[in-house]
Every structure is written in C-alpha cells, then in structure tokens.
Amino acid sequence: MNMVFNGHDHDYERSEVNGVAYIVTGGYGAPLYPQSGSSTYSKFFASVNHFCVVDITGASLTMTVINSTGGTVETVSRTSTGPPVSYIVAPANGETIIAPAYTIQGRAAAPAPNTGIRNVEVSLDGGQTWHAADGATDWSYTWNVTARGNYTIKTRATDLSGGLETTGDSKSVTVSRTPSPELQHYSWDLWLSGGNCGSCHVPPNKFMGQDYRRDSRFCISCHNGTSIAHDKPLHGDTHRILADITAAGKTPVYGNITAGEYNNQPFSRLVGGNKISCVTCHNTMSKTEDSGRTREMTTTVDNRTYTVQWGGWAGSGYLIPRVYRDTSLWGATKYSKSVKRYIVNPSEYTYDENAGTITFASPQNPAAYIYVTLDYPYLRAGTKENALCSDCHTQTTHKGLNCLVCHQEHGSDNIAGIRKTIRTTDRTEKAVAFLRYTGSGSFADSSGALDGICEVCHTQTLYYRRDGSGAANHANGNNYSRSNCVYCHKHENGFSSN
Amino acid sequence: MFAISLLLSLALLSPVVAQAAIIKGPYLQKLDKNSITIMWETSASSQSEVDYGPTGSLGSVATGAAGTVHEVNIASLTENSTYYYKAVSGADSSAVYTFKTASSLATSFRFVALGDSRSNPTMVKTLSTLVGSLNPKPVLALHTGDIVSDGTVTSRWGTEFFTPQQPMMATLPVYTALGNHEYNSPNYFSLFSLPGGERWYSVDGLMVRPLRYVLTSSRFWSATM
C-alpha cells in the first residue's frame, strides 16, 4: 500500500508514516478549516478547495493536487523500490478453469534501479515446481491442464540484475468440466476418475485389448445398442455407395472402408473385413479438424436466452433443435447410461428459428451447460449438413434438405431407415409408414392415413396429396397408383423427374 | 355552463400532463471490464431504458425496473472500449454521453480522489468542471464521504451533488464512501449502486494490479469508537 485517502476535515493534508502517504482530501466544497495543530507525521497542509489527480504508470505514481482555479497545490511522486513484482491478470481468484488448455496472463514490473524484467515463472502446484512464462513485463503461460481439481497458481519474477521476487502473486482456481460435448468421451477417464488413457486403452490404440476403432463394444458398454445405424438390410438398393471412397478424397473412418455389401448384422460388415460401427460416424476422440455438429450455446445475463455460437439454423431444413442441459455429467453421479435425461423438454423453451435463439420460460442455473444440436453430438462430420452421409453415399438430397429430415440415422422400423415421424413444411409431425416401394405402405398409396413418405408433405402432386384431394392421373394422363415414385423421381436426381 | 365544462375537462386532463422528467443524472456506477450501471432519477415513475452503442447512432437497448430512481445494468460490453449512451424515461431522454469500459491490461491509470462536497454547490460545480476537463480522462473518482450536508433531506442530493456535477458524472464513475453527513440515510443506498454490500466494499481488477481501493464508511468508525 502506498497511499490512503481520507475525508471529513475540510482541507488538504499529507502525512507520511512508514513510507505510506495518508492524504486528507476534504476540500470539494465544504467550509474550509484552518490548521489547528500539527504532528510530526504531517508534511504538507493547505486550507484550500481542491481535488487529487493520481497517475500510475508501471512502478511510478504521481499525485497532483489541483485547486479551484486549476493551479497545482502540491505534486507528490513515488517510485516503488525493491525486488520485482509480478501479478496475475487472469484467471481471477476462485475462478473455474475449463480444461484442457488455459492461458494464464499477467504483468511484471521491476522498480528502480533494476527496472527491467528478465523472466517470469509460473507454478501450478503452489510453488513446488516452476515453469517459464512467455514474455516479461507482459507475460503469458499456456497451461495444459492434466487433471480436475483445485490448484494454486503462483508467480515469481526475476529482474535484470538477477533479483528474485519475494512474494509473488497467487490465485486459487478450480479445474472443472471440459469445454464441449465433443470432448466428453475423450476426457471422461482423465477428468472423472483420475485415470488416464491406459484405463481403457491397451497401447497401441486398443481398447481392452481390441482395436476399438473398429469395435463398438466401447460404446455399448454404456449406450443402448439396439438402435445402431445401418442395422437393417437396406433393401436391394445399392444406395449409391461410392465405388472407391478413398479415391474420391473421402476419409470417412479411422482406417479403411471399401464399398461393398451390407449384411444383416447389428454392426454391418463391409467387404474387406471392415465394419461399420459407432465410430464410423461418431468420434470418441476429438480431433481438431472435427468440428462436430453441435452448436454451442451461450447465455445472456438473464440466463434465459441462449444464442448459437456458430453455424445457424435458418435454412437448415425442417429440423428442430434438440436442447441439452448438463449439470451433473461432471458431478458426483458421473456418467449415466441414460443420456436422455440431459435432453430438455421442448415445453421449457421457445425456439426462434430465424434468430437462432432458444428462450427458456424460467431462468437456468448459470452453472448448467446448455447446448443444442440439430442432429447429434460426437459426429465426426464437418460443417456441411450432409457431409457425414455423403462421405459414402452419392445420393442427392431433396430440395437441399438434410438427409436426416427423412432418414433416421440410427434406423427405424421403416425400410431405408425412413423416420417414423417427419416434421413437415408446416412444422407439424406426421406419422410415416414406409414398408415397401410399391403397393400399400409405399411412397404414396392413397390409404386414408396419408402416411406415405411423399404424401406427408406434398400438396401439389397431381395424384396423392396430403389433404386427400387431387386428380387421379398425372399430367401425362397415366395413373401411377401405388407405384414406385423413385422409379421416375430418382433420389440421385434430388427426386426430380428429369 | 360552458365555463364549468371547460374546468371539468381541465381537471380530467391534468393527470395525463404529469410527464416524467429527468431530474438527476444520468450518472455512471459499477464500472467493470464488460459491464456498467447507468442511473438517473425522474420526477415521476417511468420506464428505465438506456440506448447505447459504439457510435453516436447507439443501436442497442438495455432496460431496468420502472420507478423514479432508475438503474440499468449493461452487460456483454467489450473491455477498454468507449460507448455512447442516453437515458430514456417516457417522453424525456438525456443528452448522449460516453463511458469507457475498464481494462485489466492497461499499463497506466489515472483516477481522482476528492471529498466533502457538501454545502457549496457553486464550488462543486467549479471543481467538477475541472475534473471533467482533465486530459487524459480519469478512469474513476473516489469520494471520501460527506457528499451532502444532510443525507436525510432528499432535495439536497440534487442541489448539492448531482445537479452541479453534471455533465461530469455522466462520463466518470464516482465511487463513494458513506460520510457522517449522510446520516445513514436510505437516500444514499437508493441513489448509488455500489459493489458488494454497498456500505463497505472494495473494487479490484479495473486496472493494473496491485492497486486496490477499499472504501470504508465514517459511520463504521464512529460506531466502533
């Protein structure tokens, strides 16, 4: 401490005790007092209307006392002397650090006569071990956090003559949850149980002795494995699998997948011995090039409105967002098989599709981690909506819609993984029964249910319309009742008839 | 007959005529790196709205609870940046002023310390004009207390402190301590929005450490002595 400001007595007085200046500044208008006495500590007195201007630059402090005509009553300068001083700008004391990397920032100054800083060191264990920071007077240190827990960050500076800081700065912080859902699996053992990669993996790259990259058991040890993608024979259709995926510049999976046939096993096997498994599409080990599909949300001051951080929903077809709330994943209950318990009931919020915001009816716990996704987290696809599917499939989507508008990524009772319900252009959910390509239960079968995959949306077809109306024949005069719509309106052409 | 009806219609009109006018402020409170609080007082209960933005064309709106003493917190601001703002209450609005958010990375820092502003509005106006014209501009001001001659007399907060200090207080956050002349009045706690428990508080992180202000109240001292 260098200076203390006091009031109450209507004058200006500076006293000095043990290097600290004690200022009485009571001259902003009240009736002025004359000096009634003095002590040995008093160094300056003036019965004058005034205010004090204090300028601090580095280790130097200058106080200028200004009177009511703008003149100077007194100027006091101080320069700190002694060992160098370092301090932490970020994080703040008590802050919660989000793993896995954090940049500690700070400043350092060396008082006269050794006014330069040679280096600053940072300790993350309360001063037992020290690491060199980057920079000197303006320094930073990238902390690669290795475990959850409480830490004491300490700093110490060395000046140009080798003088070491005596005390240094200290901040206590807590390392908490990981930054995004994409990292949860990667970090679960690291952060939750104090384990490490070896808790699950047997080097090199093996999970419990198996090469997990081609094995789904790692996932289904927690997740319900009865609804895994591509778990049904996808009709006789080839589904336009790329002839040579690697040659097409696609790298869809860890390892190789070659085009081929499906069988009816839960985790289908492609020709060449490679399987489609969870990790074909999902990334358990986050990589920097995988942006995933998750839109991270951030809160406003009222803890009610959450805004998309990147990406957006406008024009993304007719997908509704799924909103997740995570308050316990990193708490005492740890991970649960019941992932659904993190899904927020849509009745809790309203969704503005164009603004890309979710507004909750009631304020949310600020500690909650809210995120939203249009499909699912952990996907290893890039930023394009269809990138995941188009790694292997060359179909063209319908009017630019997302594949997932019609297809259920984890399969369904309908063939071709067509969803059991589809959200249509008027934002209503329509039941869909797609059991065969022709006849009853096909694309458009004119059954009273109007639940054909084409019928649920179309109002302008000549024949089957979702409202039940329409002419019996196409424009060419033919009646294609219960025919295979995609015979003419090919998927590969985006369902155009041309 | 005609005269009577005219009087009646005047009487009916009069409540509508009672428009809220800004009588104190606006003034700045609780400066921080990413937020600030704007306060002002109106003659009648009214809405609390601040229009603000990085340029004089403003563009953003923040609101607070309606009342006569208005307090609007603006969050999500950019550190070390100048913003333009004006206070709006019903039909009345202030001039456009500026504030600058705090910076934790500044290498130099200026502040003003002053005290005992009571009982002399003319001198307060003279000194506040000097403070307001300082260049470089101070980040904040510390007031050591005895702000007005009698804090329990509501009118004196305007006549002795807020009115003579405009427009300085519209652009410079003043951190106050409770003096004995405030007489522990609720007016003090109503008109200022201070950190923590308001009566005693500290401010940190607005500038290069290790500077830290601890403002105490003279009431505290008299109570313990």
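User: What makes strand β6 (residues 60-67) of chain A and β7(A) a pair?

Analyst: Seven bridges join them, and the two run antiparallel. Two strands count as paired if DSSP finds at least two bridges between them, so seven bridges make β6(A) and β7(A) a pair. Within it, Val65(A) has Glu74(A) of β7(A) as its bridge partner. Strands here are DSSP runs of E with at least two residues, helices are runs of H or I with at least four, and both are numbered from the N terminus. Bear in mind that this is a predicted model, where local features need pLDDT of at least 70 and side-chain atom pairs count only at pLDDT 80 or more, while totals for chains, interfaces and linings use all residues. Residues are numbered from 1 along each chain as its sequence is written, with chains lettered from A and ligands numbered from 1 in the order in which they are written.

User: How do you know which strands are at the edges of the sheet with the order β7(A)-β6(A)-β5(A)-β7(B)-β8(B)-β9(B)?

Analyst: Look at who pairs on one side only: that's β7 (72-79) of chain A and β9 (174-176) of chain B. The sheet is open, has six strands and mixes its pairing. From one strand to the next the twist averages 20 degrees (axes are lines fitted to C-alpha atoms, and angles run from 0 to 180 degrees between N-to-C directions).

User: What joins β5(A) to a strand of chain B?

Analyst: Six bridges, linking β5(A) to the antiparallel strand β7 (residues 108-114) of chain B. Across that join, Ile56(A) stands opposite Phe109(B).

User: How many residues of each chain are in contact with the other?

Analyst: On chain A it's 30, and they meet 36 of chain B. Contact means that the C-beta atoms, placed from the backbone, lie within 7 Å. β5(A) supplies the largest share of chain A's side, seven residues. That side splits into 15 nonpolar, 13 polar and two charged residues. Ala, Val, Leu, Ile, Met, Phe, Trp, Tyr, Cys and Pro are the nonpolar ones, Asp, Glu, Lys and Arg the charged ones, and the others, Gly among them, are polar.

User: Which residues touch the most other members of the largest nonpolar core?

Analyst: Among them are Phe51(A), Cys52(A), Phe111(B) and Val112(B), in a core of 64 residues. A nonpolar core is a set of buried Ala, Val, Leu, Ile, Met, Phe, Trp, Tyr and Cys residues joined through C-beta atoms within 7 Å. A residue is buried with 20 or more other C-beta atoms within 10 Å of its own, exposed with 12 or fewer, and partly exposed in between, with C-beta atoms placed from the backbone. Leaving aside neighbours within four places in sequence, the contacts of Val112(B) include Phe51(A), Cys52(A) and Val131(B).

User: What share of each chain counts as buried?

Analyst: For chain B it's 40% of 225 residues, and for chain A 30% of 498.

User: Why be careful with residues 283-296 of chain A?

Analyst: Their pLDDT (the predictor's confidence in each residue, from 0 to 100) is below 50. Where pLDDT is low, the predicted coordinates should not be read in detail. The model does give this stretch 41 contacts beyond near neighbours in sequence. Residues 309-319 of chain A also stay under 50. Chain A as a whole has a mean pLDDT of 68, with 53% of its residues reaching 70 or more.

How values were computed
Contact = placed C-beta atoms within 7 Å.
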